[in-house]
Amino acid sequence: MMLVDTLKELSTMEVFSRKALAQKLNTSENMIDEILDRLKEMGYIAEEKIKSCSGKCSSCSFSCKTFPGTFLTITQKGKNLIDTIHSI
């Protein structure tokens, strides 16, 4: 259930924060790392390392000053799981 709870929380976060996610789920940041690794292995999320910014993303909430950065995205498989959970 923790995997699904994590995935649902990720879907509502505007900006990913390991610390905030751990607090929300009442667990440790190390556990969040393990859960994220598992979600990646299962194909529910994907990670993309960004090395630079084009500066053309006016609606992006990510601060260009923090590059390089990592973006987590929920894959279509992950979105389908969330939709299935919400419809139950």
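Helices here are DSSP runs of H or I with at least four residues, and strands are runs of E with at least two. Counted that way, this predicted model contains 4 helices and 2 strands. Walking along the sequence, you meet them in the pattern α-α-α-β-β-α.

**Overall picture**

Of the 88 residues in the protein, 22% are buried. The accessible surface comes to about 6300 Å², and carbon and sulfur atoms hold 50% of that area. Among contacts with a separation of 6 or more, 54% are between residues 24 or more positions apart.

**Salt bridges**

The protein has 4 salt bridges. Three of them are set out here, with the N to O distance for each.

| Pair | N to O distance |
|---|---|
| R18 and D33 | 2.3 Å |
| E41 and R38 | 3.6 Å |
| E47 and K40 | 3.1 Å |

Let's start with R18 and D33, whose side chains meet in a salt bridge. This pair links distant parts of the chain: R18 belongs to helix α2 (residues 18-24) and D33 to helix α3 (residues 29-42), 15 residues apart. R18 is partly exposed at 33% relative accessibility, and D33 is also partly exposed, at 28%.

The bridge between E41 and R38 stays inside helix α3, where the two residues sit 3 residues apart, about one turn of the helix. E41 is exposed, with a relative accessible area of 61%, while R38 is partly exposed at 43%.

Finally, E47 pairs with K40. Salt bridges that share partners join these two residues and D37 into one network. E47 has 36% relative accessibility and K40 has 26%, so each counts as partly exposed, the class between 20% and 50%.

Terms used: Residues are numbered from 1 along each chain as its sequence is written. This is a predicted model: local features need pLDDT of at least 70, side-chain atom pairs count only at pLDDT 80 or more; totals for chains, interfaces and linings use all residues. Side-chain values use heavy atoms; hydrogens and water are left out. Buried means under 20% relative accessible area, exposed over 50%, partly exposed in between (1.4 Å probe, protein chains only). Contact means heavy atoms within 4.5 Å. Accessible areas come from the Shrake-Rupley method with a 1.4 Å probe; for residues, only the protein chains shown count as cover.
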